[in-house]
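Here's a quick briefing on a couple of cysteines and one helix. Have the structure open while you read.

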Amino acid sequence: ATGQVRVVSWNLAELRGEPADIQTVIEMLDDDDHGSAAVPATLLVCQEIDNATYLALIGDPPGTGLLGPDWSTATYTNQNEDNYGGAQACFYRAAVVQEVQTEHDDLYTGAGRHADRWKFQLVGHTDPIVEFYVYSAHLKAGNNSSAEDEREVGALRIIQDLAKLPSDTAAIVVGDMNFYDSNELGYLAYLIGGLFDPLGTGSWSGGSNAIKHSQSPRKIASGGLASGGLDDRFDFQLHTS
């Protein structure tokens, strides 16, 4: 089962971006020019999903929204998070994975937001069953000590939940973590708690580390969206061994 699952993490910012460009990215999720076997994205994990955004993505009836009919919807919960930037949402290819709905949970991470935990099983692999967890978080923004402290609390909440699972659990933690550097206590909490950073644990600042940058590429501030260009690393994918 190794290598058959691709995970995409995307802060959709309540669809405040350019509609045509958002649609283009969604259509390109099936593209894969990787050197080995090419596969479409299996999981699309999103942050800043308010109720209106969720409905726009799935459509009414489901399958008629921006994502189209090829994506199934994992358990979606919104605990008054429209007032705090939106909730987490996860969409998946039902031909590849299926959700174990009883394993979904919400974890309060501060700033009025909850991380979500989902469990998936790989379709067609039953002896043994291949299963893994996905966490999505949107931690507190801000380049100050108070925000950093709140991000650490949120990261520790996820690590504490992971610690309750069996030691050989396969899990990936994704999301808009808002970490400014590799010395932040929240980032270090993830590493100490057993997560690995596939891009390494060193600095990600400056042009020499551009390959690590995941922030929005926008240069124009409008509609409440960040500007400044693709010059930082706020969005992460970390995983267990």
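What follows covers the cysteines, then helix α3.

Keep in mind that this is a predicted model. There are zero disulfides in it, and helix α3 runs over residues 145–163.

**Cysteines**
- Cys 46 isn't part of any disulfide, and the nearest cysteine sulfur to it belongs to Cys 90, 8.1 Å away.
- Why is there no bond for Cys 90? Its sulfur sits 8.1 Å from the closest cysteine sulfur, in Cys 46, and that's too far for a bond; a disulfide would need the pair within 2.5 Å.
- Both sulfur carriers are tucked away: Cys 46 counts as buried because its relative accessibility is 0%, and Cys 90 is buried with a relative accessible area of 1%.

**Helix α3: length and start**
- With 19 residues at 1.5 Å a residue, α3 should span 27 Å, and its end C-alpha atoms are indeed 27 Å apart, so the two agree.
- At the start of α3, the backbone nitrogen of Ser 146 has a side-chain oxygen of Asn 144 within 3.3 Å.

**Helix α3: two faces**
- Buried residues of α3 are Ala 147, Arg 151, Gly 154, Ala 155, Ile 158, Ile 159, Asp 161 and Leu 162.
- They take up an arc of only 160 degrees around the axis, so they lie on the same side of α3.
- Which elements help cover those buried residues? The cover includes strands β6 (105–110), β7 (113–126), β8 (129–138) and β9 (171–176), along with helix α4 (185–192).
- Turned away from the buried side is the face with the exposed residues Ser 145, Ser 146, Val 153 and Ala 163.

Note on methods: Residues are numbered from 1 along each chain as its sequence is written. This is a predicted model: local features need pLDDT of at least 70, side-chain atom pairs count only at pLDDT 80 or more; totals for chains, interfaces and linings use all residues. Side-chain values use heavy atoms; hydrogens and water are left out. Buried means under 20% relative accessible area, exposed over 50%, partly exposed in between (1.4 Å probe, protein chains only). Helices (H or I, at least four residues) and strands (E, at least two) are DSSP runs, numbered from the N terminus. The expected span of a helix is 1.5 Å times one less than its number of residues. The arc is that of the directions from the helix axis to the C-beta atoms. Contact means heavy atoms within 4.5 Å. A polar contact is a pair of N or O atoms within 3.5 Å; within protein, one must be able to donate a hydrogen and the other to accept it, and residues adjacent in sequence count only if both atoms are side-chain atoms.
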